[in-house]
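Please read this briefing with the sequence and the model side by side. It takes up burial, contacts and ring pairs in turn.

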Amino acid sequence: MPRINRKIQSFTVGSLIGCLGGLIGLGGAEFRLPVLVGLFKLGTLEAVILNKAMSLVVVSVALLFRLKSISLDSLVDHQGVVINLLTGSLFGAWWAAGHAITMSRAWLDRIIMILLAGLAMLMLVESTWGLHADGALFANTASQFAAGVAAGLLIGVVAALLGVAGGELLIPTIVLLYGLDVKLAGSLSLCVSLPTMVVGFARYRQSDSFKVLRAEGSLLRWMSMGSILGAATGGLMLGLVPTGALTFGLGVILLISAVKTFMHAK
């Protein structure tokens, strides 16, 4: 692929994915991963690392934008939720990234295909039943904290293995476990995602595949710029497309692309 065409293609794809993610309040990293492997022909681990780097950039920008709608004071007031989830997610991300480095590519492909398919099913379920805060799931503080650590552990593992921010799992967890509003949950999820991704990213530095950031620097820059622009555009278009229908459609697309892209794992 000619270098100029690859730049245009990476920017365009990043913009489209970012816009779709912005429309439903996600970063779109779960859609970038199959594209990096299927369209740009990167190895699975290299695609995960590159996706992680882009997610760090996109989530940092998204958090700054969201401070206009959700104040910093609101986030500070709910710092206990962030700390609770981080207690598990940081360890989960460190553990999963370490195992991904040493795991065979065939097994990594299988696991990623299953996780992406699981996220797709979650999107399909959420689009059908919606997400509502009916009060905290646990009345007992100790039980709530234990559940938060366990959920954070799982989310950290998924985020590290896919190179995603984990908002698809974090937002429902915060809404259901702590009984908070979806908008506030979206901002709190970013506060959990950033440290979790940094830990996973630091762990991946031990892999030879980390060199992909230099080798694919152009792809990283152009797709990141497209993702940021697309996410901002999608955020401005919020409400123009029924969120439920869009989430359902994207869930179907993610399910098909995950299975198709990583089918060679069989």
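A residue is called buried under 20% relative accessible area, exposed over 50%, and partly exposed in between, using a 1.4 Å probe and protein chains only. This is a predicted model, in which local features need pLDDT of at least 70 and side-chain atom pairs count only at pLDDT 80 or more, while totals for chains, interfaces and linings use all residues. Residues are numbered from 1 along each chain as its sequence is written, and side-chain values use heavy atoms, leaving out hydrogens and water.

**Arg-66 and Ser-187**

- Arg-66 belongs to helix 3 (residues 44-66), where helices are DSSP runs of H or I with at least four residues, numbered from the N terminus.
- With a relative accessibility of 26%, Arg-66 is partly exposed, whereas Ser-187, in helix 9 (residues 182-204), is buried at 1%.
- Apart from residues up to four places away in sequence, Ser-187 touches Leu-63, Arg-66, Ile-70 and Leu-75, a contact being heavy atoms within 4.5 Å.
- Arg-66 and Gly-186 are 120 residues apart in sequence, and their C-alpha atoms are 8.8 Å apart in space.

**Aromatic rings**

- The structure holds two aromatic pairs, meaning rings of Phe, Tyr or Trp (its six-membered ring) with centres within 6.5 Å, counted as stacked with planes under 30 degrees apart, edge-to-face over 60 and tilted for the rest.
- In one of these pairs, the ring centres of Phe-11 and Trp-222 are 6.1 Å apart with planes at 85°, so the pair is edge-to-face.
- Because Phe-11 lies in helix 1 (residues 3-24) and Trp-222 in helix 11 (residues 217-236), this pair ties together parts that are 211 residues apart in sequence.

Definitions and conventions
Helix = DSSP H or I, 4+ residues; strand = E, 2+ residues; numbered from the N terminus.
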